[in-house]
Amino acid sequence: MRLSYRTPIALFALVSSALLTAPALAGEWQLNMTEGVTALSQEVFSLHMLIFWICCVIGVVVFGAMFISMYLHRKSRGAVADNFHESTVLEIIWTIIPFAILIGMAIPATKTLVKIYDTDNPDVEVLVTGYQWKWKYEYPEEGVSFFSSLSTPKDEIYGDADKGPHYLLEVDEPLIIPAGKKVRFLVTAADVIHSWWVPDLAVKRDAIPGYINEAWTRVEEPGLYRGQCAELCGKDHGFMPIEVKVVSQEEFDEWIAERQARAAEIAEAAKQTLEFDELYAQGEQVYQQFCATCHQPEGQGAGIFPAIAGSPIATGPVADHLNRVINGGGAMPAFGEQLTPVQTAAVVTFQRNAFGNNMGDLVQPIDVVSFEQGQ
Ligand SMILES: [Cu+2]
């Protein structure tokens with residue numbers, strides 16, 4: 001492009017038209033804070049509005065006084081400045097007024113803050129743990145726990161398919177809580193700092209490894225509320241959304257019972273002895289689902305991801321192999337919490353016998369359980 005004297009004008013026109021149309025195209029242009037759906041979130045919103053209006057009034061009074069005096073006492077009118085020093089009355093006034101305003105704002109703010117931190121006597125407790133890059137939800141009292149990860153298809157992310165309405169805001173397993181009940185969240189992290197944030201519930205707590213932060217909510221209206229990780233936590237920070245599904249107490253109880261039954265089934269399944277073929281076939285599925293993205297479908301590895309074919313660990317002692325899969329290490333994630341004992345036994349058996357690693361041995365679920373108990 002040849003630059004001419006018109007270039008700045010053209011650029012200005014381009015930028016301003018982009019600024020004007022972008023929000024319209026986005027369809028949504030929310031300027032104010034979210035009001036939320038809980039009593040507490042609405043209180044936070046009202047507090048925010050109260051302080052906002054106080055600031056507006058102060059702004060109008062201060063700038064009004066400034067502009068009026070600049071206008072009325074300007075030099076061209078022959079105004080001459082008063083020349084006085086140390087007015088005690090004035091100094092007392094300009095100390096007392098801001099002080100009174102600050103106290104006036106601190107009282108409602110403290111009242112709300114006290115409520116936000118009142119996590120006593122919950123009906124349900126959920127331990128929220130941030131991982132790179134997913135969330136784990138645990139109900140310690142009920143003995144239920146699961147991972148919740150992004151469910152947006154890869155095609156949408158890479159632009160090979162149209163983006164859905166909840167692009168990057170949808171998960172495979174939402175957190176489920178009962179309506180009308182006080183739910184306490186205990187928030188922590190397993191690797192780096194994350195932040196658990198659901199605007200509609202006015203809950204935002206840093207998830208810090210080694211610390212447990214508390215928050216709570218009571219949602220009256222059943223529904224689905226979405227949130228995101230709000231602390232830059234690495235490459236997939238934008239890919240660990242939150243879904244909170246609020247259901248009736250009956251539905252919640254049913255869901256918990258179903259989860260408990262599933263956990264009991266997994267524990268029961270861990271006791272069985274499986275044939276080599278069963279382990280191998282299931283192991284192949286687990287491998288393709290959980291491992292192939294890094295170690296590649298044919299086990300040949302890529303870049304920093306070592307090959308499984310001929311791997312010293314996959315052809316070495318079983319304990320070392322189990323240890324690597326269960327506990328991870330280096331850039332290898334720990335799978336102990338994500339795979340059931342049957343799945344771990346299957347994938348280890350598969351890796352020891354696939355891709356030319358003809359070890360001829362097999363690992364049973366009970367071996368996985370005793371390894372985990374022994375460590
Ligand atoms: Cu995060």
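These legends walk through close-up views of one predicted model.

**View 1. The copper site.**
Let's start with the metal. Four residues hold the copper ion: H194 through its ND1 atom, and C229, C233 and M240 through their sulfur-position atoms SG, SG and SD, at 2.0 to 2.6 Å. What arrangement do the 4 donor atoms around the copper ion make? Their angles run from 94 to 127°, which makes the arrangement tetrahedral. For comparison, the ideal angle for four tetrahedral donors is 109.5 degrees.

**View 2. How the copper donors are spread along the chain.**
Written as a pattern, the donor spacing reads H-x34-C-x3-C-x6-M. Take H194 and C233: they sit 39 residues apart, and the pair links distant parts of the chain. H194 belongs to strand 6, while C233 lies in the loop between strand 9 and strand 10. Are these two donors buried or exposed? H194 has a relative accessible area of 0%, so it is buried. C233 comes out at 4%, and because buried means under 20%, C233 counts as buried too.

**View 3. The sheet that includes strand 6.**
Pull back a little from the copper donor H194 in strand 6, and you find an open sheet of 5 strands, in the order 4-10-9-6-7, with mixed pairing. Why is one side of strand 4 and of strand 7 left without a neighbour in the sheet? Strand 4 (175-178) and strand 7 (203-207) stand at the edges and have a single partner strand each, so one side of each stays free of a sheet neighbour. From one strand to the next, the twist averages 25°. Helix 5 (residues 249-269) packs on this sheet, where it touches strand 4 and strand 10 (242-247). The direction of helix 5 makes about 135° with that of strand 4.

**View 4. Strand 6 and its two partners.**
Zoom in on strand 6 (residues 194-198), which is mostly covered, with 4 of its 5 residues buried. On one pairing, strand 6 meets strand 9 (residues 223-229) in the antiparallel sense over 2 bridges, and here W197 stands opposite Q228. Strand 6 also pairs with strand 7, again antiparallel, over 5 bridges. In that pairing W196 faces R205 of strand 7. Strand 6 and strand 7 form a hairpin with 4 residues between them, and A202 in the turn has a positive phi of about 55°. A handy thing to remember while looking: in a regular strand the side chains alternate between the two faces of the sheet.

**View 5. Strand 10 between strand 4 and strand 9.**
Strand 10 is another mostly covered strand: 5 of its 6 residues are buried. Strand 4 runs parallel to strand 10, and 4 bridges join them. Look for I177, which stands opposite V246 in strand 10. Strand 9, on the other hand, pairs with strand 10 in the antiparallel sense over 5 bridges. There you can spot Y225 opposite V244.

**View 6. A second open sheet.**
This view moves to another set of 5 strands, an open sheet in the order 3-2-1-5-8, where the pairing is mixed. Which strands are at the edges? They are strand 3 (144-148) and strand 8, and each pairs on one side only. The twist here averages 25° from one strand to the next. Strand 2 (residues 134-139) and strand 3 run antiparallel, joined by 5 bridges, with E138 opposite S145 in strand 3. Helix 5 shows up here as well: it lies across strand 1 (124-131), strand 2 and strand 3, and runs at about 95° to strand 3.

**View 7. Helix 2 from end to end.**
Last up is helix 2 (residues 39-72), with 34 residues. How far does helix 2 reach from its first C-alpha to its last? The answer is 49 Å, close to the 50 Å expected at 1.5 Å a residue. Its buried residues are L40, S41, V44, F45, L47 and M49. These buried residues pack against helix 3 (88-116) and strand 8 (213-217). As a general rule, an α-helix has 3.6 residues a turn, so residues three or four places apart point the same way.

Terms used. Residues are numbered from 1 along each chain as its sequence is written. This is a predicted model: local features need pLDDT of at least 70, side-chain atom pairs count only at pLDDT 80 or more; totals for chains, interfaces and linings use all residues. Side-chain values use heavy atoms; hydrogens and water are left out. Two strands pair if DSSP finds at least two bridges between them. Axes are lines fitted to C-alpha atoms, for helices over the stretch in contact, and angles run from 0 to 180 degrees between N-to-C directions. Contact means heavy atoms within 4.5 Å. Donors are N, O and S atoms within 2.8 Å of the metal (3.2 Å for Na, K and Ca); water is not among the atoms, so sites may look incomplete. Four donors count as tetrahedral if all angles lie between 85 and 135 degrees; four count as square planar and six as octahedral if opposite donors are over 155 degrees apart and all others between 65 and 115; anything else is irregular. Buried means under 20% relative accessible area, exposed over 50%, partly exposed in between (1.4 Å probe, protein chains only). The expected span of a helix is 1.5 Å times one less than its number of residues.
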